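Student: I have a model open and would like to learn how to read it. Could you take me through a few of its features?

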Amino acid sequence: MDGKTALVALGVVAAAAALAVAALAHHGGSDRGLVLRVYLCSAARKPWEEIVKLFEEETGVHVEAIYGSSGYLLAQLRLVGGDVYAPASPYYMELAVQEGLVDPGTVAKAALLYPVILVPRGNPAGVSGLEDLARPGVRVGIGEPDRVAVGRYARLLLEETGLWEKVRPNIVVYAKTVAELTNYVAMGAVDAAITWDVNHWWYPNRTEAIPIPEELWRGLGPSYIPIGVASGSSHPDLARRFVEFATRSPEALQVWRRYHYHVPAGDGP
Amino acid sequence: MKPAARGLRVEKLHVERGGRAVLQGAQLGLPRGAVGVVLGPNGAGKTTLLEAVLGIVRPSSGRIEIAGDVVYDSSSGVNLAPERRGAAYVPQDYGLFPHLTVLENIAFPLIAQGVPRREALQEARRVAEALGVDHLASARPTALSGGQKQRVALARALAAQPRLLLLDEPFTALDAPTREKLRPLLRRVLREADITALLVTHSFSDAWILGDLVYILEEGRLRGGVAPEELARHPLRYGAARLLGYHILEARLASPNRVKVPGLGLLRAETPHSAEPGSRLLVAFRGDDIVLNPPPGTPNTFTATVLDVTATRYGYRIVLAAGDAVLTTEAPRGHLLAQGGPPRKGEKVRASIPPEAIDTAPA
Amino acid sequence: MARPAAVAAMLAAAAVAALLAALAAWAGSSGFAAAAGSGLLAYSMALSVATATVSATLAIVAAVPVGYALSRRMVPASSLVEALLLTPFAMPPVAMGVALLVLLVGPASWLNRVLDLVFTPRGLVAAQLAVTFPMAIRVVRGAFDAVPPKLEAVARSLGCSWWCSFTRVALPLAARGLSAAWLLSFLRSLGEFGASAVLAGVKRDTATLPIAIYLELSGGESHAAAALATLSALVAAVGAAGLLMLEKRSGETTP
């Protein structure tokens, strides 16, 4: 490349960069008005996106929705601050409350999650109940019990039913997220995994959900997506309104149901 | 030296590099238009001297004047930027700009100094013609031979109309025939341009052909500053005998202008006036100045044994032993053939050294 | 030795091709449709290219003086300074993101008030810049190392000022290396996830290709994620081809 070509290339790049800067600056938007910053677990991004949109339409408030895994979001809430925290499991909400990051009085259940045995379509290992997971040769996947809500739940459930020690040798993978675990089932990498029933609806054509009888997990209760107002919120009233909207409003409940989440009792279809 | 005639003046220059003293009080003076040659072995600090004059290496103390202007003075804090010194630099590998054509290279100093491009290229073409490189105008430097590169570099330096030209080992990168051709060319160009030049080299041939004044750089100090003929005649006086490859032997003064050299006997040579008979002296002479089989009655004749004979490009290299002294000489082939062929190993031969070829100094 | 080496190279290339094919196959048309439908496909691609262009340009503009100073040893304790400048190179990008976030919400919050970097698309540029800068310095330094300082000394002796010799000799001779540095920074920025996710947040308006992939993947949309991944592989392939062209041309012109 001689000097002239280099100059032309430099010019093109500079022009592109200038355009991009202009676009970004515009995007940054100086007058964003009132902004509600909410931290939402990315596993439920689809319903959350719809609920956020409905809330924005109703109130005219701009919602800045930040997605991520529960722990990630907790760290960002701690560092940057915000208005609402909605992790994927009660465990992270407990941490947030203990740290004083979320006002415990505001915590509510947004949607319920029932455990299922998720198997690849056609159920290659012929799993019909929890005890089948202990059968030799069945490849089982669960979430990491120490770090992932769905893994903690699976371990407690198996311990409760006295199957943990028998199933353990069959566990071929401890997934780091529920999405990863679901993908293993959808791709046929494991014969069965303990997940939430909604995960089946991520791959309705590739997976089958084997229900776990409710009496087996009634003691543990269903898991749920908690939501609460951050103690440092600069718009606590608006934040409370968002929590209310996500957990009570007919519009939001309809969204949860459409994505196959259960909603707290008392709100029939 | 009259101030008006000053080309370059270096006073008490000290330069340190990496904690090592490279130049220790170097002194040098060149009248305007003179070519100064600094001779020194590799690593003596020749390039450092050039870089200090050029202004890209900062001395720790001293003073440098170019054409009567102070460009560096540690006592008054003057330190002109290289571009304001008017000293054009031609490094050992010529330093042509690979991204520019030959003509653009030559026009570079003019364009850098603000001459409009068209005019600069025209002027560059004129300089290129003067140095016989105009036919290479649109070539890239990478496509040039070593000799062509040197001429282009010279043209570029002259186009800058410098007050001083700094040349670093201008011939080292060239093969011998090209070197022989280009030395006279450089000499002619320097004379015609009437430009003060400082050339550093390790080759005495460069100094002999090009130098008006020759300096010896050894251990951070400059000595000499004399015509090359004077340096060749009295190498011991200027500390250049070893560097120039002279044979150096210990001797004793027998009587004024007579020295006794072990193995060679009593030799006639000009001796220092101050020396007392019996005192220790050094004698130095070039191997080339030894004459084999001189006519009878030639002064300074001695007998030696042939240790070794090897054929070279010009003749024969002959190693002689005279007592403890081992001497090496080169004799032209024709000269030896006329005497009946080169001597054989082990043979005893007569040899002599002309008295005027011998330099003496107190030991 | 030559044959097994050639076979190994072919195998490696085949493995990459198989990887890309598998990705595209998993995405399928439904994956592309889903990604396009969620509005992420076009947006994330445009955002990725825009932010990577800006951050690569900023990285090079900033790396030129730094790389030059390092190359010419103009800095005191230059090895120490260089080691410090290179340290982030080996840092996990997530850690860099955390460092940036801690800095911008803490001691440098005034900077964030001026530039508005936390949880904004501009934060993407800052994160990409922080991650690519050490590499840019390294490559730019190498480009200047290849320019003999003697040429600049010659230029100055011919009446060219420091700035003149820098712009007329050092920069043109380093131009090819600088272009390569720009392209490498651009490619590295395209793939940047860790620092961006922490500083700019995982949000729709900060969804570059990697962030969009994460968004889709964590929501179980692995087909859409694969579609986005295929797209980013295509963008990377164009960049890689550009890099190879640069290298090839440099091979032709230098002796």
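Tutor: Let's talk about the chains, then a sheet and its helix, then the cores. Keep in mind that this is a predicted model.

Student: Which chains have the most contacts between them?

Tutor: Two pairs of chains touch, and chains A and C share the most contacts. Chain A and chain B have no contact joining them; their closest C-alpha atoms are 7 Å apart.

Student: How do I read the sheet in chain B, and what is its strand order?

Tutor: Follow the order 7-8-9-3-10-11: this is an open sheet of six strands with mixed pairing. At the edges, strand 7 (87-90) and strand 11 (221-226) each pair on one side only. On average, neighbouring strands are turned by 20° against each other, direction ignored.

Student: How many bridges join strand 3 to strand 10 of chain B?

Tutor: Four, and the two strands run parallel. For one bridge, start at B:Gly36, whose partner in strand 10 is B:Leu213.

Student: Which strands does helix 1 of chain B lie across?

Tutor: Helix 1 (residues 46-54) lies across strands 3, 7, 8, 9, 10 and 11 of chain B, and runs at about 155° to strand 8.

Student: And what about the nonpolar cores?

Tutor: In soluble globular proteins, nonpolar side chains tend to be buried together. Here the largest core has 101 residues, and B:Leu165 is one of those touching the most other members. Beyond its neighbours within four places in sequence, B:Leu165 contacts residues including B:Val90, B:Leu154 and B:Ile195. A second, separate core of 95 residues includes A:Ile51, A:Val52, C:Ala197 and C:Ala227.

Notes. Residues numbered from 1 in each chain as written. Chains lettered and ligands numbered in written order. Predicted model: local features only at pLDDT ≥ 70, side-chain atom pairs only at ≥ 80, totals over all residues. Heavy atoms only, no water. Contact = heavy atoms within 4.5 Å. Core = buried A, V, L, I, M, F, W, Y, C linked by side-chain atoms within 4.5 Å. Buried < 20%, exposed > 50% of the residue type's maximum accessible area, 1.4 Å probe, protein only. Pairing = 2+ DSSP bridges. Axes fitted to C-alpha atoms, helices over the stretch in contact; angles between N-to-C directions.
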